[in-house]
Amino acid sequence: RAGYFPQDHHEILGDPDTTPLDVVWNIVPTEATSWVRGQLGRLLFSGADVTKKVGSLSGGEAARLVFCSIAVAHPNV
């Protein structure tokens, strides 16, 4: 499984109406809400940040969300 950080990371996040919570949960659907929020918190998404629309994230926030997605997917390459 390859982990990939694209230069244009808004494309990889998909639907602009989803939230960071949804993005991570789609990768690890069996994890508890607290675990998913904890992973997002490690990359500075806290409180209402986890329910912001992906389309409204700044470039840095979107990049952090992609890094979070990669981290929870546990790629081996």
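Which hand does the crossing of α1 and α3 have? It is right-handed, where a crossing is right-handed if the near helix is turned clockwise from the far one by less than a right angle, and left-handed if anticlockwise.

**Before you start**

This is a predicted model, in which local features need pLDDT of at least 70 and side-chain atom pairs count only at pLDDT 80 or more, while totals for chains, interfaces and linings use all residues. Residues are numbered from 1 along each chain as its sequence is written, and side-chain values use heavy atoms, with hydrogens and water left out. Helices are DSSP runs (H or I, at least four residues), numbered from the N terminus.

**Stop 1: α1 and α3**

Select α1 (20–27) and α3 (residues 59–73). The two pack at an angle of about 20°, and their axes are 9 Å apart. Axes here are lines fitted to C-alpha atoms, for helices over the stretch in contact, and angles run from 0 to 180 degrees between N-to-C directions. The angle makes α1 roughly parallel to α3; the classes are roughly parallel under 35 degrees, roughly antiparallel over 145, roughly perpendicular from 65 to 115, and oblique for the rest.

Now show the side chains of P20, V23, V24 and I27 on α1, and of L65, C68, S69, V72 and A73 on α3. These residues make the contact, which means heavy atoms within 4.5 Å. By class, this contact has eight nonpolar residues, one polar and no charged. Ala, Val, Leu, Ile, Met, Phe, Trp, Tyr, Cys and Pro count as nonpolar, Asp, Glu, Lys and Arg as charged, and the others, Gly among them, as polar.

**Stop 2: the buried side of α1**

Keep α1 and colour P20, L21, V23 and V24, which are buried. Buried means under 20% relative accessible area, exposed means over 50%, and partly exposed is in between (1.4 Å probe, protein chains only). The buried residues cover an arc of only 165° around the axis, which puts them on the same side of α1; the arc is that of the directions from the helix axis to the C-beta atoms. What covers them includes α2 and α3.

**Stop 3: α1 and α2**

Add α2 (residues 33–42). The axes of α1 and α2 come within 10 Å and cross at roughly 115°, so α1 is roughly perpendicular to α2. α1 passes α2 in a right-handed crossing. On the α1 side, select P20, L21, V24 and W25; on the α2 side, T33, V36, R37 and L40. The contact of α1 with α2 divides into six nonpolar, one polar and one charged residues.

**Stop 4: α2 and α3**

Hide α1 and turn to α2 against α3. These helices pack at an angle of about 130°, with their axes 9 Å apart, and that makes α2 oblique to α3. Here too the crossing, that of α2 past α3, is right-handed. W35, Q39 and L40 of α2 meet L65, C68 and V72 of α3. Five of the residues in the contact of α2 with α3 are nonpolar, one is polar and none is charged.

**Stop 5: two sides of α2**

Look down the axis of α2. Its buried residues are V36, Q39 and L40. They fall within an arc of 100°, so they line one face of the helix. On the other side of α2, S34 and R42 are exposed. The cover over the buried residues of α2 includes α1 and α3.

Is Q39, in helix α2, buried or exposed? Q39 counts as buried because its relative accessibility is 14%. Select its partners next: leaving aside neighbours within four places in sequence, Q39 is in contact with C68 and V72.

**Stop 6: loops and the end of α3**

Go to P29, in the loop between α1 and α2. P29 counts as exposed, at 59% relative accessibility. A distance label from P29 to L43, C-alpha to C-alpha, reads 19 Å, for a separation of 14 residues in sequence.

Just after α2 is L44, in the loop between α2 and α3. L44 has a positive phi of about 70° although it is not a glycine. At 60% relative accessibility, L44 counts as exposed.

Finish at H74, in the segment after α3. Phi of H74 is near 50°, again a positive value in a residue other than glycine. H74 is exposed, with a relative accessible area of 54%.
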